[in-house]
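Trainee: I've got a model open and I'd like to learn how to read it feature by feature. Could you walk me through it?

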Amino acid sequence: MDKSVFYPEEILIAKMESGEYGWLDYVNHHSAEWQDEYIRYCRDNGLTIGDASAAEFVQFKGEELEAAMERGDA
């Protein structure tokens, strides 16, 4: 799989909904920054790289965005 190909969120969601992508694919095709953050997230939390931890990471990023919006930072 070529992880250097990134897609807009709308396309990623469509690929998830169609069953073409799982959570790990979603993270890997979101952005280079997410790839790096996800690896650190797994390492820092003692998690194995895979769909379950990728789903947890996406939830974490959503909560991070929500908190930033509440602070007026996003």
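Trainee: Let's start with a helix. Which residues of α4 are buried?

Mentor: Keep in mind as we go that this is a predicted model. For burial, the idea is to look at relative accessible area, with under 20% counting as buried. In α4 that picks out Ser53, Ala54, Phe57, Val58, Lys61 and Ala68. Looking down the axis of α4, you'd find these buried residues within an arc of 145°, so they line one face of the helix.

Trainee: What do the buried residues of α4 pack against?

Mentor: They pack against α2 and α3. Now flip to the face turned away from that buried side: there you meet the exposed residues Ala52, Gln59 and Glu70.

Trainee: How do I check the length of α4, and what span should its 21 residues have?

Mentor: Compare the distance between the end C-alpha atoms with the span expected at 1.5 Å a residue. For α4 the expected span is 30 Å, and the end C-alpha atoms are 30 Å apart, so the two agree. Just past the end of α4, have a look at Gly72, which takes a positive phi of about 85°.

Trainee: Now α3. What does the end-to-end check give for α3?

Mentor: Helix α3 covers residues 32-45, which is 14 residues. From first C-alpha to last, α3 reaches 20 Å, close to the 20 Å expected. The residue that follows α3 is Gly46, and its phi is positive, near 65°.

Trainee: Which residues are buried in α3?

Mentor: Trp34, Gln35, Tyr38, Tyr41 and Cys42. Viewed down the axis of α3, they fall within an arc of 125°, so here too the buried residues line one face of the helix. Their cover includes α2 (23-28) and α4 (51-71). On the face of α3 turned away from the buried side sit the exposed residues Glu33, Arg43 and Asp44.

Trainee: There are plenty of rings around there. How many aromatic pairs does the structure hold?

Mentor: It holds 8. To read a pair, take the distance between ring centres and the angle between the planes; over 60 degrees counts as edge-to-face. Tyr26 and Trp34 make a tilted pair, at 6.2 Å centre to centre with 50° between the planes, and both residues are buried. Tyr41 and Phe57 are edge-to-face instead, with centres 5.5 Å apart and planes at 65°. Tyr41 belongs to α3 and Phe57 to α4, so this pair ties together parts that are 16 residues apart in sequence. Tyr41 and Phe57 are both buried as well.

Trainee: Which residues do the ring pairs link into a cluster?

Mentor: Trp23, Tyr26, Trp34, Tyr38, Tyr41, Phe57 and Phe60.

Trainee: What about charges over rings? Where does the charged end of Lys15 sit?

Mentor: For this one, you look at where the charged end lies relative to the ring face. The charged end of Lys15 sits over the ring of Tyr21, 5.1 Å from its centre. Lys15 also lies over the face of Tyr7, at 5.1 Å from that ring centre.

Trainee: One last spot: is Ser31 buried or exposed?

Mentor: Ser31 has 12% relative accessibility, so it counts as buried. You'll find Ser31 in the loop between α2 and α3, where its side chain makes a polar contact of 3.4 Å with the side chain of His30.

Notes: Residues are numbered from 1 along each chain as its sequence is written. This is a predicted model: local features need pLDDT of at least 70, side-chain atom pairs count only at pLDDT 80 or more; totals for chains, interfaces and linings use all residues. Side-chain values use heavy atoms; hydrogens and water are left out. Helices (H or I, at least four residues) and strands (E, at least two) are DSSP runs, numbered from the N terminus. The expected span of a helix is 1.5 Å times one less than its number of residues. Buried means under 20% relative accessible area, exposed over 50%, partly exposed in between (1.4 Å probe, protein chains only). The arc is that of the directions from the helix axis to the C-beta atoms. Contact means heavy atoms within 4.5 Å. Rings of Phe, Tyr and Trp (its six-membered ring) pair if their centres lie within 6.5 Å; planes under 30 degrees apart count as stacked, over 60 as edge-to-face and the rest as tilted. A charge sits over a ring if NZ of Lys or CZ of Arg is within 6 Å of the ring centre and within 35 degrees of the ring normal. A polar contact is a pair of N or O atoms within 3.5 Å; within protein, one must be able to donate a hydrogen and the other to accept it, and residues adjacent in sequence count only if both atoms are side-chain atoms.
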